[in-house]
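I opened this entry to keep track of what I looked up, one item at a time.

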Amino acid sequence: MTDNLNVNALDFDEVKQELIAFLNGTEEFKDYDFTGSALNTLIDVCSYLIHYVGVQANFALRESFLESAQLRKNITAIAKELGYFPSQNKAARASFTITLDLTGESQPTDITIPKGITFVSTLQDGSSVAFNTFEDSPMVDTGLAAGEAATEIWAATIFVAQGTFANKTWTVTGSDQKYFIEQANVDTDFLTVAVRPTEASTTQDIWFYGKTLTEVGPHTEAYFLSEYNEGIELYFGNNVIGKQLSVGNVIEAEYLVTEGDTANGLREFSLTTDIAGYSRSDFVISAVSPATDGAGRETEASIKYLAPLSYQRQNRIVTIDDYKTAILEQYNNVK
């Protein structure tokens with residue numbers, strides 16, 4: 001009976017004909033007319049199931065290889081096995097000079113533009129986007145201290161990145177726990193991860209991103225990143241590669257949520273809040289360097305291209321191709 005079995009057919013019609021040929025080879029159905037019969041419907045169902053399972057098996061096999069995978073989650077999972085973390089959204093960055101004229105007023109000992117101060121700019125469609133300072137910037141008294149033309153003008157060069165800072169906190173409950181930032185459009189360049197020993201602790205240690213394993217020992221306070229759906233996953237060491245977290249530790253992550261390349265080219269900024277007791281209207285912004293370097297998430301095609309090359313160079317930069325790969329990894333908006 002098994003002599004007339006053919007398992008090469010995958011198309012629905014071919015599968016159906018093979019099933020009929022198989023049944024015609026049996027004594028029970030040797031002269032049976034399948035057209036219009038109830039058995040014909042059962043054969044259709046069997047053919048559909050065989051065709052469906054074949055398609056599913058084909059898709060599953062294709063998704064197992066980097067070159068043929070189509071789903072992003074599968075592409076990034078394979079890239080992770082090669083030690084490659086795809087570039088995430090990059091915030092557009094700008095800089096400008098901000099001044100405060102305090103001529104004739106009592107002078108402060110210092111003025112600092114703190115981290116997290118928000119400036120806004122307007123897109124062509126009229127909508128506003130936020131830019132935030134990502135470090136403290138002390139202002140300097142640049143005025144003349146004597147004479148009839150004496151002035152007291154405080155000034156600072158400010159660097160801002162497009163986006164809004166957000167944070168998330170987890171408490172460690174076990175060694176196999178995973179930590180997800182589900183929010184989309186996170187710029188990992190501005191990701192800060194701190195760990196407190198317990199929830200009651202007031203001190204914390206800043207952990208660094210272990211991008212290169214040669215820098216990570218068994219007691220190194222490092223975290224690692226992988227892509228997770230629209231967001232990212234944080235994971236930590238196991239006391240072999242990187243220090244392992246302890247139950248009760250509190251993880252605090254601060255990150256920048258950005259709109260990528262949307263803000264590129266913006267050059268007009270306005271302050272949204274008062275600073276150090278001085279009105280926002282007293283601050284003057286000038287010498288603006290337009291926002292640049294904003295970029296979207298790395299594309300699937302780019303991941304397929306760069307992941308094997310990154311694996312080949314093993315974090316070394318020696319050949320011309322090594323330099324190309326390293327640049328594209330760091331600046332995914334480069335053409």
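**Tyr-323**

I started with Tyr-323, which is partly exposed, with a relative accessible area of 48%. The model is a predicted one. The side chain misses the exposed class because that class needs over 50%. I placed Tyr-323 in helix H5. Then I listed its contacts, skipping residues up to four places away in sequence: Tyr-323 touches Ile-317 and Val-318. I also checked a pair, Tyr-323 and Arg-313. They are 10 residues apart in sequence, and their C-alpha atoms are 9.6 Å apart in space.

**Helix H4**

Arg-313 took me to H4, where it is one of the buried residues. The others in that set are Ile-303, Lys-304, Leu-306, Ala-307 and Ser-310. I noted that Lys-304 and Arg-313, both counted as charged, are on this buried list. Which helices do the buried residues of H4 pack against? They pack against H3 and H5.

I recalled the helix geometry: an α-helix has 3.6 residues a turn, so residues three or four places apart point the same way. With that in mind I reread the buried set, which includes Ile-303, Leu-306 and Ser-310.

Next I checked the length. H4 has 14 residues and spans 20 Å from first C-alpha to last, close to the expected 20 Å at 1.5 Å a residue. Where does H4 bend? The bend is at Leu-306, by about 25°. A proline, Pro-308, follows within four residues. Leu-306 is also buried. Just past the end of H4, I found Gln-314 with a positive phi of about 50°.

**Helix H2**

I turned to H2, residues 38-62. This helix has 25 residues and reaches 37 Å between its end C-alpha atoms, close to the 36 Å expected at 1.5 Å a residue. I looked up which residues are buried: Leu-39, Asn-40, Ile-43, Ser-47 and Gly-54. The partner of these buried residues is helix H1 (12-24).

**Trp-170**

Is Trp-170 buried or exposed? I found it buried, with a relative accessible area of 11%. The cut-off for buried is under 20%, so Trp-170 qualifies. Trp-170 sits in strand S7, residues 164-171. I left aside neighbours within four places in sequence and listed the contacts of Trp-170. They are Tyr-179, Phe-180 and Ile-181, then Asn-249, Val-250, Ile-251 and Ala-253. As a further check I took Trp-170 and Ile-206, 36 residues apart in sequence and 15 Å apart in space, C-alpha to C-alpha.

**Pockets**

I went on to the open spaces. The largest pocket has a volume of about 1000 Å³. Its lining holds 36 residues, and the closest to the centre are Gly-83, Tyr-84, Phe-85, Tyr-209 and Lys-211. Which elements give two or more residues to this lining? I noted helix H3 (72-81), strand S9 (186-196), strand S11 (222-228), helix H4 (300-313) and helix H5 (320-330). So H4 appears here too, as a contributor to the lining. I sorted the lining residues into 13 nonpolar, 14 polar and 9 charged.

The second largest pocket has a volume of about 260 Å³. It is lined by 16 residues, with Ser-175, Tyr-235, Phe-236, Gly-237 and Asn-238 closest to its centre. Strand S12 (residues 231-236) gives the largest share of this lining, 3 residues. This lining divides into 7 nonpolar, 6 polar and 3 charged residues.

Technical notes: Residues numbered from 1 in each chain as written. Predicted model: local features only at pLDDT ≥ 70, side-chain atom pairs only at ≥ 80, totals over all residues. Heavy atoms only, no water. 1 Å grid on protein atoms, 1.4 Å probe; cavity = no way out; pocket = protein on both sides within 12 Å on 5 of 7 lines; lining within 4 Å. Points joined across faces, edges and corners; volume = space filled by probe spheres on them. Expected span 1.5 Å × (residues − 1). Bend = angle between axes of the 7 residues up to and from the residue. Buried < 20%, exposed > 50% of the residue type's maximum accessible area, 1.4 Å probe, protein only. Contact = heavy atoms within 4.5 Å.
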